[in-house]
Amino acid sequence: MLKNFWYAVEFGHAVGRRPRKVTCLGQDFVIWRRRDGRIACLSDLCVHRGGALSMGTLAGDDSIACPYHGWEYGPDGGCVKIPANPPGRGIPSKARVDAYPVIERYGMVWAFLGDLPEEERPPIPHIPQHEDPAFRAVYWETTVDANYERTLENVVDAAHTPFVHGTAFGNPDRPEIPDYEITGDDWHAEADILLSPPLPKGLWGALARRRPRAEHVVVSNGWYLPNIVKLHVRLPFGDLVLYDHNIPLGQNRTLVKIVGYRNFFTGRWADGNAVKRIEKIFEQDRPVVENQRPELLPFDLSAELHIRSDALQVAYRRRRRQLMDRGWWVGGDDIVTGDVPRREATVIPSPARRDNPDLARAWVHRSRGETVNEPARSAE
Ligand code: FES
Ligand SMILES: [Fe+2]
C-alpha cells in the first residue's frame, strides 16, 4: 500500500453533518462536512484511550467529540477541550490527532494520506467527463475479499475478458490482444487496446443494432497511481468511461468504488440498467480475484510470468517498486483496523508532522513504517 497520494475515500454525496468512518491503507479515518461545506478528515484514533472518533458527535464550533470521554478535536486535529479537566487547566500539546488535507472533486472526497508538502504531492487524476454535460454518471460500490493490487490489475488486464466475462464483454472466439503502445507519465499509464467484444444485449443492444457493425472496439485502459483504473470503452453508439477506485481497507479486503460515465441514454431512467451491467461484469471477476494466490502482489517481477499483453501491469509493478524504494510503502504489520488484535497503533503521518517542527515530538501514535528501538518486552 502506498502512502503520499490523494485517495478518493468516499462519494461526496455520502458525506454530511454526521461523522462518518472511512477506511484506507489499513487505517480508519473520520470525515465530516464542516459548517462552510468543506470536509474534514482526521485519524479515527483518539490519543486518550483509542476511542473511535467516528462514533462521536460534532460539537462546539466545527469540532468532533470523542464518544468515550468527550475530548473535542478541531478540523486541524488539535484537541480544544478536555471535559474532565477543571477550568483553567491547559491542554497538553500531545493531545492531537493527525489531520489530512481534503479536496472534493469529481463527486469524490479525496484525502491526502501522507506527509508531503503541497508542492510535492502527486496529482489527482483529471476526469474530463465529470464536467462534460454530454455525460451522465452512475455510482456503484462493493467490497471484495482480495488485495487491492489484485483487483486493480484485474481491471487493467484486457486478456482475461473472453475467459472471465464470456460473451458479456469478451469474445471467446477472438482472445488475441494486438500489441499496444503505452503512454503516460510518472503517475499514470494507458494504452489503446483493440478488442472484439460481441454486441451488447438488452437495452444497449437495441442501440448497437442501429449502427454499422465495427470489427473492433477501442478500449483505452490504464491506471492512475495509486489505485485507480480507467476503462474507456468506445462502443459503436457512444462512450462508456469507468473510473474504478480500489481502496485498500486492509491487506486482503478492498472497497471498490466505481463511477461510470456514459454519453448515450443519458436519462435518469437508464441509470439502473448501466449499474446492472457494471455489477454483472464485476461479479464475474470477484471469484477469480478472491482466489488468486499469493493473495498479495509479489514485489519481485520474476515471481510471476508476464507476456506482451501484460505490459500495463508490468509498468505498474515497476513504478510501484520505485516508490517503495522512496519509502512510500506501508506494510502489513501496521494495519490497525481490527482484523488482528494489537498492542500498538501506528498511523499514516500527516503533513503537520513536517510542517511544524515544534510539534515533532507531540505525536502519541507513531507513524507507519517508522523504525524505532523495540521497547523492553518484560511487561508482556
Ligand atoms: S478515548 Fe477519546 S476521550 Fe478518552
Ligand atoms: Fe474483468
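**Figure 1. The two domains of the predicted model and the place where they touch.** The centres of domain 1 and domain 2, taken over C-alpha atoms, are separated by 33 Å in this model, which is predicted rather than determined by experiment. Domain 1 covers residues 5-120 of the protein chain, and domain 2 covers residues 128-324. Where the two domains are in contact, 11 residues come from domain 1 and 14 residues come from domain 2. On the domain 1 side of this contact, the elements that give two or more residues are strand 1 (5-11) and strand 2 (20-24). Of the elements on that side, strand 1 gives the most, contributing 5 residues.

**Figure 2. The protein chain as a whole.** Along the chain there are 7 helices and 19 strands. The radius of gyration of the protein chain is 23 Å, close to the 21 Å given by the globule rule for 380 residues, so the chain is as compact as a globular protein of that length. Taken along the principal axes, the C-alpha atoms fill a box of roughly 80 × 45 × 35 Å. Of the 380 residues in the protein chain, 36% are buried. Among contacts with a separation of 6 or more, 59% are made by residues that stand 24 or more positions apart.

**Figure 3. The span that the UniProt record annotates.** In an unreviewed entry, UniProt places the feature "domain: Rieske" at residues 6-111. In the predicted model this span is 0% helix and 40% strand, and the C-alpha atoms at its two ends lie 5 Å apart.

**Figure 4. The open sheet of 7 strands.** The strands of this open sheet follow the order 11-17-16-15-14-13-12, and their pairing is antiparallel. Strand 11 (136-144) and strand 12 (182-185) stand at the edges with a single partner strand each, which means that one side of each has no neighbour in the sheet. On average, and with direction ignored, neighbouring strands of the sheet are turned by 15 degrees against each other.

**Figure 5. Two helices that pack on the sheet.** Helix 1, formed by residues 148-156, packs on the sheet and touches strand 11, strand 14, strand 15 (228-235), strand 16 (238-250) and strand 17 (253-262). The direction of helix 1 makes about 165 degrees with that of strand 16. Helix 5, formed by residues 271-290, also packs on the sheet, where it touches strand 11, strand 16 and strand 17. The direction of helix 5 makes about 25 degrees with that of strand 11.

**Figure 6. Strand 14 and its partners on either side.** Strand 13 (residues 188-195) pairs with strand 14 (residues 217-224) in the antiparallel sense, over 8 bridges. Within this pairing, A189 has W223 of strand 14 as its bridge partner, and L195 has V217 of strand 14 as its bridge partner. Strand 14 is also joined to strand 15 by 6 bridges, and these two strands run antiparallel. W223 takes part here too, with V229 in strand 15 as its bridge partner. Strand 14 leads into strand 15 by a hairpin of 3 residues. In general, the strands of a sheet pair through backbone hydrogen bonds, in either a parallel or an antiparallel manner.

Methods
Residues numbered from 1 in each chain as written. Chains lettered and ligands numbered in written order. Predicted model: local features only at pLDDT ≥ 70, side-chain atom pairs only at ≥ 80, totals over all residues. Pairing = 2+ DSSP bridges. Helix = DSSP H or I, 4+ residues; strand = E, 2+ residues; numbered from the N terminus. Axes fitted to C-alpha atoms, helices over the stretch in contact; angles between N-to-C directions. Contact = placed C-beta atoms within 7 Å. Rg over C-alpha atoms; globule rule 2.2 N^0.38 Å. Buried ≥ 20, exposed ≤ 12 C-beta atoms within 10 Å, placed from the backbone. UniProt positions renumbered as here; feature names shortened; annotations may be inferred. Domains from an automatic or database assignment.
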